[in-house]
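I opened a fresh page for this one and kept my notes short. Here is what I looked up, entry by entry, for anyone who wants to follow along.

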Amino acid sequence: MKTILSFKKLLPLVASLLLMMSCESEAWNDHYTNEVTEKSELTIYEYIKSKPEFSKFAQALELSGFDKVLSEDVTYTVWVPDNEALKELDLTDAGMVNKVVRNHITRFSHPTSRIDEKSFLMLNGKILDFKRQPDQKFTLHGKELKQMNIAVRNGMIYVLS
């Protein structure tokens, strides 16, 4: 009988300890956030097409047929180079355009919250390293990102510097 009475006295203490332990800390939530910097209901292609600074990459997507691929309900991650980065790309060279486009796309959505260092198989068969740097910035194959975690309807977009 004394054991039951002692247990009844301890029950509120145990319950309050469990309640305190189950509360999530802000640091824990920050660590597992998707860190989405922008959210859009557009597809990957529609988003790229809507930004003037990506017009050359949008043209390359159209020429290679990837405008249709990146408009479907299949998830991809695309590292988008801006017009300055593609200034030397000859849009009349279909083979080169196709290589460049495939070198910037991988399957599935990959937010940075899950990554410290990871290698991705791009659609052209190359494996590129994606790394979190000590200053918390990210690089893809040594190229720093200007913008990260742009979530769109069918995947994720990163902007390369």
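**Entry 1: a loop residue**

I started with Leu 123, which sits in the loop connecting β4 (117-121) and β5 (127-132). A caution for my own notes: this is a predicted model. Is Leu 123 buried or exposed? Neither label fits: its relative accessibility is 21%, so Leu 123 counts as partly exposed. The cut-off for buried is under 20%.

Next I asked which residues Leu 123 is in contact with, leaving aside neighbours within four places in sequence. I found Phe 66, Tyr 76, Arg 102, Ile 105 and Arg 107. I also checked the distance to Thr 106: the two C-alpha atoms are 5.7 Å apart, while the residues are 17 apart in sequence.

**Entry 2: strand β2**

Tyr 76 from that contact list led me to β2, since Tyr 76 is one of its residues. The strand covers residues 76-80, and 5 of its 5 residues are buried. I noted how the side chains split: Tyr 76, Val 78 and Val 80 point one way, Thr 77 and Trp 79 the other.

Which strands does β2 pair with, I wondered? On one count, 3 bridges join β2 to β3 (residues 105-107), and the two run antiparallel. Here Thr 77 stands opposite Thr 106, the residue I had just compared with Leu 123. On the other count, 5 bridges join β2 to β8 (residues 155-160), this time in parallel. In that pairing Trp 79 faces Tyr 158 as its opposite number.

**Entry 3: aromatic rings**

Trp 79 deserved its own entry. I counted 6 aromatic pairs. One of them is Trp 79 with Phe 130, an edge-to-face pair with 5.5 Å from centre to centre and 65° between the planes. Trp 79 belongs to β2 and Phe 130 to β5, so this pair ties together parts 51 residues apart in sequence.

I checked the exposure of both partners. Trp 79 has 0% relative accessibility, so I wrote it down as buried. Phe 130 is also at 0% relative accessible area and is buried. Both rings belong to one aromatic cluster, made up of Trp 79, Phe 120, Phe 130, Phe 138 and Tyr 158.

**Entry 4: the nonpolar cores**

Then I went looking for the largest nonpolar core, which has 24 residues, with Ile 48 and Leu 61 making the most contacts inside it. Elements giving two or more residues to this core are α3 (44-50), α4 (55-64), β2, α6 (94-102), β7 (143-152) and β8.

What does Ile 48 touch, not counting residues up to four places away in sequence? My list reads Phe 54, Phe 57, Ala 58, Leu 61, Val 78, Val 80 and Ile 157. Val 78 and Val 80 were already in my notes, as β2 residues pointing one way together with Tyr 76.

A second core, separate from this one, has 13 residues, among them Phe 120, Leu 128, Phe 138 and Tyr 158. Phe 120, Phe 138 and Tyr 158 I recognised from the aromatic cluster.

**Entry 5: the whole chain**

Last, I zoomed out. The protein chain has 6 helices and 8 strands, and from the N terminus their order is α-α-β-α-α-α-β-α-β-β-β-β-β-β. Of its 161 residues, 34% are buried. I took contacts between residues at least 6 apart in sequence, and 58% of them join residues at least 24 apart. The exposed area is about 10100 Å², of which carbon and sulfur atoms supply 57%.

Conventions: Residues are numbered from 1 along each chain as its sequence is written. This is a predicted model: local features need pLDDT of at least 70, side-chain atom pairs count only at pLDDT 80 or more; totals for chains, interfaces and linings use all residues. Side-chain values use heavy atoms; hydrogens and water are left out. Buried means under 20% relative accessible area, exposed over 50%, partly exposed in between (1.4 Å probe, protein chains only). Helices (H or I, at least four residues) and strands (E, at least two) are DSSP runs, numbered from the N terminus. Two strands pair if DSSP finds at least two bridges between them. A nonpolar core is a set of buried Ala, Val, Leu, Ile, Met, Phe, Trp, Tyr and Cys residues joined through side-chain atoms within 4.5 Å. Contact means heavy atoms within 4.5 Å. Accessible areas come from the Shrake-Rupley method with a 1.4 Å probe; for residues, only the protein chains shown count as cover. Rings of Phe, Tyr and Trp (its six-membered ring) pair if their centres lie within 6.5 Å; planes under 30 degrees apart count as stacked, over 60 as edge-to-face and the rest as tilted.
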